[in-house]
Amino acid sequence: TTGVEVGLAAELRQSSLDVARGQMQVWVENNSGAALLPTAVTYRDDRLRTPLAGARLREVPDGARFGFVLALPPPTCGPRSAERGTQEVRVRSERGEWSVPVDDETDVLGRHLAARCLERAVAQAVDLRWLPVRHDGGRGSTATMVLEVRPSGAPGHVLAIDTISGTPLMGAARAAYWSPAVRVRSDGDPVRIALEAQAARCDDHVFMEGGGSTAFRVGLRLDGRAGQLLVRMDDRATASAVAFVRESCGL
């Protein structure tokens, strides 16, 4: 039985928290005329070695749409990872089993695979990490963010860092984004990139932005290949960033 005939539809989604947790969600809409209690929700994609099993199974009332978590596996990088092919969800319940085509307008899995494969390639050349934010001013002050680039020591790679975008928490002072224009050889010396930053917003909601408040998108070129990498602050750096924003905003 097809998903259309039984009144089922499916869509892939991914929030900033999902990205931080290495997962995505498949949302199943039930318009079958009766409640649906799945015993299995499985996502199948030509770019994956094996199907992904949905977690947090629960009843979907008629007319409702619920999300089921899919843990994303480590990628297999290569030509196949870039080819978008069949995408379907199989839903099994006591009433039967159905294959449902998946709506994936933003190509959630494709973006995940591209990001993880780029991370893997960059890690062979350098390690990127945020140091704790430095600040000593009061209300309305700016701070210094430092991105440390530590080469791996393996020869043959050159990383160029062109741009760094802000987040809902912090952004570039007096600019839309940072433009460090830094080049680092994989067998060169460590580099610390100092960035003048300011609080992006001063409302309480900024501290509830989920997984994206201290995840900065770095525009780079690795051996001439352009891409964007999400570089997250660790807990210590995040705490220093939040402390700065609260002080700068007078909260």
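This passage looks at helix α4 and the disulfide that involves it, in a predicted model.

Helix α4 covers residues 235-249, and its length works out as it should: at 1.5 Å a residue, its 15 residues should span 21 Å, and the end C-alpha atoms do sit 21 Å apart. Right at the start of α4, Asp-234 points a side-chain oxygen to within 3.2 Å of the backbone nitrogen of Arg-236. At the other end, α4 gives way to Gly-250, which has a positive phi near 70°.

The helix has a clear buried side. Ala-237, Ser-240, Ala-241, Phe-244, Val-245, Ser-248 and Cys-249 are the buried residues here. Because their arc around the axis is only 155°, they fall on the same side of α4. That fits the usual pattern: an α-helix has 3.6 residues a turn, so residues three or four places apart point the same way. As for partners, the buried residues of α4 pack against four strands, namely β8 (126-134), β9 (143-151), β11 (170-172) and β13 (191-199). Turned away from all this, the opposite face carries Asp-235 and Arg-236, both exposed.

Then there's the disulfide, and the structure holds just 1. It joins Cys-202 to Cys-249, with the sulfur atoms 2.0 Å apart. The torsion about the S-S bond is about -75°, so this disulfide is left-handed. Since Cys-202 lies in the loop between β13 and β14 (215-222) while Cys-249 belongs to helix α4, the pair ties together parts 47 residues apart in sequence. The two ends sit in contrasting surroundings: Cys-202 is partly exposed, at 46% relative accessible area, whereas Cys-249 is buried, at 5%.

Terms used. Residues are numbered from 1 along each chain as its sequence is written. This is a predicted model: local features need pLDDT of at least 70, side-chain atom pairs count only at pLDDT 80 or more; totals for chains, interfaces and linings use all residues. Side-chain values use heavy atoms; hydrogens and water are left out. Helices (H or I, at least four residues) and strands (E, at least two) are DSSP runs, numbered from the N terminus. The expected span of a helix is 1.5 Å times one less than its number of residues. Buried means under 20% relative accessible area, exposed over 50%, partly exposed in between (1.4 Å probe, protein chains only). The arc is that of the directions from the helix axis to the C-beta atoms. Contact means heavy atoms within 4.5 Å. A polar contact is a pair of N or O atoms within 3.5 Å; within protein, one must be able to donate a hydrogen and the other to accept it, and residues adjacent in sequence count only if both atoms are side-chain atoms. A disulfide is a pair of cysteine sulfur atoms within 2.5 Å.
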